[in-house]
Amino acid sequence: MEDASAATFKVTFDAKQPASLHRASSARHTGRLASVLFAARREGTLIAGAALLSVIFTLALVAPYAFPGDPLAITGPSFLWPGEAAGHSLGTDALGRDVAAGIAHGARFSLFVGMGAAFLSTLAGVAAGAVAGFFGGWADRSFVRVTEIFQTIPGFLLLMVLMEIVPPSLFSITGTIAFVSWPMMARVARTEFMALRSREFVLAARTLGYGPARIIVMEILPNALPPIIAIASVSVASAILMEAALAFMGLGDPNTVSWGLMIGNGREFLRTAWYLSAIPGGAIMATVLGFNLLADGLARYLNPHRADRASARTP
Amino acid sequence: MVPFSVSDLIVRHPGAPVPTVNAVSFTLIRGETLGIVGESGSGKTTLARALIRLLSPESGSIRFENEDITHARPAALSRFRREVQMVFQDPFASLNPRQKIRKALTTPLAVHGMRDPAEREARARQVLRETNLPDDALERFPHEFSGGQRQRIGIARALILGPSVMICDEPVSALDLSTQAQILNLLVALKQSQNLSYVFISHDLSVVRYFCDRVMVMHHGRIVETVAAATMEADARHPYTRALLDAAPHPGRRKTRNVPKEAETTVFSN
């Protein structure tokens, strides 16, 4: 069945894009480097996302060395425009704090919150969705009820209410964002597990006497991973946005520099010193774009119906 | 001893108004090959899945070697799982695409308490030889094999726990004709060497006549007739069986479809 669909795909590919087919076959002849370059062109979104993110990760890694000391310390005169004075390449804010140092240290904070929240929500979401999707019955019914409660409350509103209750810190922000975002991941995991549990290889595992835990972890999970990885990548981006919005509204940790906090502080000076909001805004945009491109690229790359995967299969 | 003894089995899919398997009774004799034929939707696969306890019957009983397993809990089914195995229809869907063959063949042994990895490996190599697969198959993934080879792997996996009964659900219908013959010959050889009994499901009468001892004809979830495979053509009495026989392509006969109108109406009014 898979072979048949691969074959039809090839036919349409043939008919519509003879030029690219020719490129593919010529790449195969000219050797490894050419085929790597060809793959890179086709996996463009994946490469672009990874490149963008590697810049931001490097920034986050070098922050303590490139900008030692407290990024919230006053280091110069206020309202220096980017490029106006040496040593303050991205200018200074209303209190004379270095914007470049804030961006670099803020990258650490944003990436930690984004990836931490995505990791926790993926863990919780996949566990809940796997149990609901695999067992069905009352486990599934109660799962659907719980996620419906989350669906009826706007996620960000819930996040704001929770942040009023818990004291803001790196870990509480990460945990709270994970708490409001796990249902999305759980629904994806549930759908995958429901679809896969009646596949013949899962039935075979049951007739061989495998227990439910082994079937979930060893048989179904590896086959459910591609969409889960892609969604996890998107949820990093959405967690970063949530954290920025929280900080912007003053609900974040005021003693830790974050991009959202910088935008919020720059808001009052939007007409006279717009760069104070625009620079951290650009940093958020670049990071979110990076994770979204990565998610898109991964979804395409991990799709088992890719043309080259199909042709690599022996008939 | 009688491996399987089934009486008044009723299996209903959730929400279905009519049971998919309706009041089915039969016995499987040790060493025989029992065929189940019928059109698609007649309940063959559902019956097979209820037999191997993938589905829970609504009522009736399934006894395996005089032990009632109709509603046995998974822990109590452990011995049953070693004794009864299944070969699935679609060799592309029945193997986990992300698992090497080694894992597919050795995990069942670990689940059933074989602790020594070397022993598991040796057993895996043994079933590969018995199914005429190369030893290096262990290192490979399912997509590296052809359809016929994958079905051999499916049979090897069913053999790994040393079963006495194999339920084959249309094991050759997804394969091309030359491969079908190879797989059927393999099943015949294994029946001798492993002392197996088969429940063999098919919609292909020529395959069933070649392969089976007795044939049960299923129609709308009921068994309408049980006949000896060898004399099926002469002995079949039920109009549905006659219609199936007439509908099958027959070498040396001019007209291939010869279902009289009256017969057809009798068949579907049941």
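1. Let's start with L105(B) in this predicted model. Setting aside neighbours within four places in sequence, L105(B) is in contact with A124(B), V127(B), L128(B), L138(B), A156(B), R157(B) and I160(B).

2. L105(B) also belongs to a bigger picture: the largest nonpolar core, which has 65 residues. L105(B) is listed there among the residues with the most contacts inside this core, together with I155(B), M166(B), L187(B), Y198(B), F200(B) and V215(B). You may like to look across to the other chain here, as α10(A) gives this core its largest share, six residues.

3. Another core lies apart from that one and has 33 residues. Its members include L203(A) from chain A, and A50(B), F88(B) and V199(B) from chain B.

4. Now for the interface. Chain A and chain B bury about 2,200 Å² between them, with 52% of that area on carbon and sulfur atoms. Within the part that chain A buries against chain B, 31% is supplied by E200(A), T207(A) and L208(A), more than by any other three residues. The contact draws on 20 residues of chain A and 29 residues of chain B.

5. Which side chains meet in a salt bridge? They are those of E200(A) and R49(B), at 3.9 Å from N to O. The count of salt bridges between the two chains is one, and ten residue pairs are in polar contact, both at pLDDT 80 or more.

6. On the side of chain A that touches chain B, the elements giving two or more residues are α9 (200-207) and α10 (212-248) of chain A. By class, this side has ten nonpolar, four polar and six charged residues.

How values were computed:
Residues are numbered from 1 along each chain as its sequence is written. Chains are lettered from A and ligands numbered from 1 in the order in which they are written. This is a predicted model: local features need pLDDT of at least 70, side-chain atom pairs count only at pLDDT 80 or more; totals for chains, interfaces and linings use all residues. Side-chain values use heavy atoms; hydrogens and water are left out. Contact means heavy atoms within 4.5 Å. Buried area is the accessible area (1.4 Å probe) that two parts lose on being put together, summed over both. A salt bridge is a side-chain nitrogen of Lys or Arg within 4 Å of a carboxyl oxygen of Asp or Glu. A polar contact is a pair of N or O atoms within 3.5 Å; within protein, one must be able to donate a hydrogen and the other to accept it, and residues adjacent in sequence count only if both atoms are side-chain atoms. Helices (H or I, at least four residues) and strands (E, at least two) are DSSP runs, numbered from the N terminus. Ala, Val, Leu, Ile, Met, Phe, Trp, Tyr, Cys and Pro count as nonpolar, Asp, Glu, Lys and Arg as charged, and the others, Gly among them, as polar. A nonpolar core is a set of buried Ala, Val, Leu, Ile, Met, Phe, Trp, Tyr and Cys residues joined through side-chain atoms within 4.5 Å. Buried means under 20% relative accessible area, exposed over 50%, partly exposed in between (1.4 Å probe, protein chains only).
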